[in-house]
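Subject: A structure for you to explore

Hello! Here is the structure I promised to pass on to you. Have a look around it first, and then read my notes below.

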Amino acid sequence: MARLAAIDDGHVVAAVYRNPRTTQSLRRTIVRRLDTVPLDEALRAELTVPHDQVPRTWLAPLLGSGDPRLVVPALRCEVRQVAQQYALLRVWERSGPGAVRAVLDDPAATPWLSRAVVDAVVAALAAPDDGLRRLRAQGEPYEDPARLPALLATTRGTSTLRHLLSEPYVHDLDALAAAHAVTPFMPKACEELARHEAASDTQRRAFRLSVLNEPWPTGGRRAGNTTPPALRLAQEELDEGAAVWAEGMVAAGLLDPVELIGTARPAAHALAALARLAERDLLSTAAVAELRASADTHLGERGAAWAAFDVLLPQHGGTIAELIAEAGRATAGAAAAPEPPAAEPVTPAPAPASRRALRRIDRVHALAALDLLYSLAPNDAPRPRDPEVLRALTEYEPATAPGLAVPRWFAAACALHGIPVPENSLAPSLAQVRAQLPETYGSGAQHTERAYAQGVLPAEELLTLLPAHRLLLLPYDWRRLAFAEAWRGALARRLRAELGTDPDAWLRLAATVTASEAASEGLTWAELVERARSAAVPAVSAGTSIGGSTRPGTPDEAIGLLEHGDHLWAWPEGTLLCLADAEVVDAVLPRLGPDGPWLLAAYLLRYDRTPRVALDRLLAGRDREALRVLAAQSRWMERSGGVERLVDLDDPEVDLVLLRHWIPRPAVHRIVARSRPGAGRPSLGARVLADWRAGGAAWPAGGSMWLCSAELDLVEELLEREGPRLGLGHQLLGCLRVFEYGGAGRLARLVGRSALGPSAATVCVKALACADPAGVIRARLDREVAPDKLVRKLRRARSAPRARDLLASLPPGEPVDWAALEAAHAQEPLPYWQDIVRLDGVPEEVRLRYAALLPEPGPDGLRGGARLTRERARYGLGGHFHCAPSTQLDGLLTAGLLDAADLVRLAAPAALLLAYLGSAARRTDAPPDAAEARTVLADLVRCGLGTDPAAWHRVAARLTGLDPEWDPGSTVEALLAG
């Protein structure tokens, strides 16, 4: 629809406008282009008919048109007063004050206009010189991109949401998605935004997730929710809406039905969800096989076991898998006895109340952890003999079984006690793994993921298994999978060994890939490397295009694609350069012509982990267009620290582009604070001021942060335009800068023009009458930002966004008294303290003291350095949503953020880390520190466990949750200690 609306044909645009699938936002876009593409006369006639048969969805977008004939019917939608005033303001701006008077006098408009709005507009018309400005200042800031996100984050009423989404607010999808990620919007708003024509696939998925989460409200309260389904199942209990919720998630490809068997709880609701999926033909083959295997193993053909299942089901608080296992254990001793009558089902004995069961996520690695310990122990180390321990070990997940097989010692121990062993006792062969290529959706790639993670599939084999085009356009669901990262790493090592630093060899390979993909040959990287080495260089025309969309032809086109999250264009040269060393990038990039640097800049922004070498060379090369692309879309590098590196360049052109787009507040402050006027050419502040005056935006690029700068003209203009609407602290800070850089006379003139609020003006008048004006203003400003005042506000905060906003609302550049906040928190915990210490700009020492509240580090660690990452590792690793545990730990070891000893003595949890070390021993691409950690661990096993049966039983009981005193969030060293 959006593409059709962009055609400069009135008849086509009219057809789009009438189409019931057209969104309100697209209709507003059509209305905004009326000066370029006039409205089709037939459509105009339909819209302006004087009756109520025209749909509201057709009329509401006309509010901001500025056309009096279209605004009058739009007013019939019973819009809010602020929207009425804005509609008349737009008529004034587009058609003049006479047109506004005509609308006010129009009998068709009068019944729909509020008296307060009419009075305000009439008063503005009576002051022609200043009326338009006053009317604009009084109204709702519809052009402010930050306004709608802020409103949607706090609005809960359905009717209010309907108004907000139909009124002419600017829809900045990046800002909306960012606000939604912090404070999820209501599902009704998300449903509309998910259909927005400017939304990227990632943004649609985030909004759609909140809609799909609606049938299962958290805590029984209807609200927005962006928690992924698998994570919700691990953290929350299902309710009566589980079946509808599961159907939506599975149909959307966001949930693997297998999760409902081993993760979802309570069992009754999970079973209802599975039944609904079966009715809708959505139950996967893997889920059916999982259920059948579990039932056959634990229940079999024993009627008593099935009767126990029925009795336990209504009140069982665990998962279906746990319920089946418990029902089987309850009747295992009576297997040889006659079955009890159906009326008297076997009731299992309750577990001792003193024992605290581990969470499922804590115990799934128990078998793999014990297997590693036995591999490092003396041959005569005692195996588990406690049947309860063995039964607990049988509850491991198949994906976590060491090498995807049941260890022989475990199978033998189970056989000795008559305990059934899960069927997957033999690891799949490499041929079996290669026989099934991974699908692009997440659950369809799990067999490859498990085979790689457990060392069955070597990383180098991925080069001969997977088609190369999957790496050119990596499937979205593969981004969090370990084998995808391993595939890249294996290819980088192969290219380094085969091609060296010869630019001709790298370009020949790129041409070979392009020619092969254009012919849809589906070759692997191993085949392509071999062909590039042994065959002639294929002839590839400059216009050859591969991938889902055409490669951008200009930097602006690239920025436009990135703006919408469009990463569907392939560029083999970019794929290779993002894997290459610095010498290769420096040699190849000039050979790609003037477009090479900015194309590489646009290409590398698709990576979750920005390729450091490629980014380093682009920043060192200082190509203007490449830097512009990086700065305009720096949001894609936020997690990898790319924004800070762009700010480090201290380049005014880059700084200006960064300010025009969203960047973190500390980065804005760094840019603003170093801008100085009078350097012989227009300063950054002067250019921002000129753009602001010419563009008519609500705020200058960089916003109110300029109040703390040395740019006197810009500070003064901000106070002139926004003075009374700014907080007292902001006004005083601006006045202080005016005095410091412009003197008492300029501050007096500013006060005389009534640009300030009454409180700020009074302070300035008193200050100018004293010998030390700056000291007086500074003293009043210090009282305004006093920490006790901030603490009182924080204690009243009703939400995390409100708490964050309170700190962000301090006058720019004014430091937070973190010592006072910490003291207040120690005295009585401040609400949302976790959200506060996670803010950008919090001192490292403060964050170190509250490391447990920080987000889990990814493979590149936390922003702020190794100290923060190491300290946070004490509180648990392996639960990062955006990457697999092996990717996370490999990255932390390779980067030197953790070392071998840290895995044993510092990081947690013990079971997961032991499972990682065991799988790393089987993988061919594991970092050397993993082997060193096993050496450290082997010494501890020999010294701490040896062949002591009591010590081994203690460790097994801890790992399986049978030791009520054990904390699963402990280190490996603590696990082995007495």
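**Cysteines without a bond**

Let me start with C770, which counts as partly exposed because its relative accessibility is 38%. Please keep in mind throughout that this is a predicted model.

How far is the sulfur of C770 from the closest cysteine sulfur? The distance is 12 Å, to C764, so the two are too far apart for a bond. C735 also has C764 as the home of its closest cysteine sulfur, at 3.5 Å, and this too is too far for a bond. A disulfide needs the two sulfur atoms to be within 2.5 Å, so the 3.5 Å between C735 and C764 does not qualify. In case the term is new to you, a disulfide is a covalent bond between the sulfur atoms of two cysteines. The structure holds zero of them. C735 is a buried residue, with 0% relative accessibility.

**The chain as a whole**

Now a step back. The chain has 59 helices and zero strands. Does its radius of gyration agree or disagree with that of a compact globule? A compact globule of 978 residues would come out near 30 Å, and the chain has 32 Å, which agrees. Along the principal axes, the C-alpha atoms fill a box of roughly 100 × 75 × 70 Å.

Of the 978 residues, 51% are buried. The exposed surface of the chain is about 42,900 Å², and 52% of that comes from carbon and sulfur atoms. Contacts tell us something about the fold as well: among those with a separation of 6 or more, 66% are between residues 24 or more positions apart.

**Aromatic rings that meet**

This is the part I would open in the viewer. A pair of aromatic rings is described by the distance of the centres and the angle of the planes. The whole structure contains 13 aromatic pairs. One of them is Y374 with W409, a tilted pair with 4.8 Å between the centres and 55° between the planes. Y374 belongs to helix α24 (residues 366-376) and W409 to helix α26 (residues 408-416), so this pair links distant parts of the chain, 35 residues apart. Y374 counts as buried, at 6% relative accessibility, and W409 is buried with 11%.

Y374 has another partner, W952, and here the rings are stacked: 4.5 Å from centre to centre, with 10° between the planes. How many residues apart in sequence are the parts that this pair ties together? They are 578 residues apart, because Y374 lies in helix α24 and W952 in helix α58 (residues 949-959). Y374 and W952 are both buried. Ring pairs join Y374, W409, W952 and F410 into a cluster.

Y374 also meets a charge: the charged end of R383 sits over the ring of Y374, 4.4 Å from its centre. You can find another such arrangement at Y17, where the charged end of R27 sits over the ring at 5.6 Å from the centre.

**A leucine in a helix**

Next, try clicking on L164, in helix α12 (residues 158-166). L164 is buried, with a relative accessible area of 1%. Apart from neighbours within four places in sequence, L164 touches R80, L148, L151, L152, T155 and Y169. A931, by contrast, is 767 residues from L164 in sequence and 58 Å from it in space, C-alpha to C-alpha.

**Details in the loops**

Finally, a few spots in the backbone. Which form does the peptide bond from R265 to P266 take, cis or trans? That bond is cis, with omega near -5°, and P266 lies in the loop between α18 (259-262) and α19 (267-279). The bond from A908 to P909 is cis as well, with omega near 0°. P909 sits in the loop between α55 (900-905) and α56 (910-922).

R622 has a positive phi, near 55°, although this residue is not a glycine. R622 lies in the loop between α38 (612-621) and α39 (624-632), and is partly exposed at 37% relative accessible area. S754, another residue other than glycine, has a positive phi near 55° too. Look for S754 in the loop between α45 (728-752) and α46 (758-768); at 60% relative accessible area, S754 is exposed.

Enjoy exploring, and write back with any questions!

Conventions: Residues numbered from 1 in each chain as written. Predicted model: local features only at pLDDT ≥ 70, side-chain atom pairs only at ≥ 80, totals over all residues. Heavy atoms only, no water. Phe/Tyr/Trp six-rings, centres within 6.5 Å; stacked < 30°, edge-to-face > 60°. Helix = DSSP H or I, 4+ residues; strand = E, 2+ residues; numbered from the N terminus. Buried < 20%, exposed > 50% of the residue type's maximum accessible area, 1.4 Å probe, protein only. Lys NZ or Arg CZ within 6 Å of the ring centre and 35° of its normal. Rg over C-alpha atoms; globule rule 2.2 N^0.38 Å. Contact = heavy atoms within 4.5 Å. Areas by Shrake-Rupley, 256 points an atom, 1.4 Å probe, with all protein chains shown as cover.
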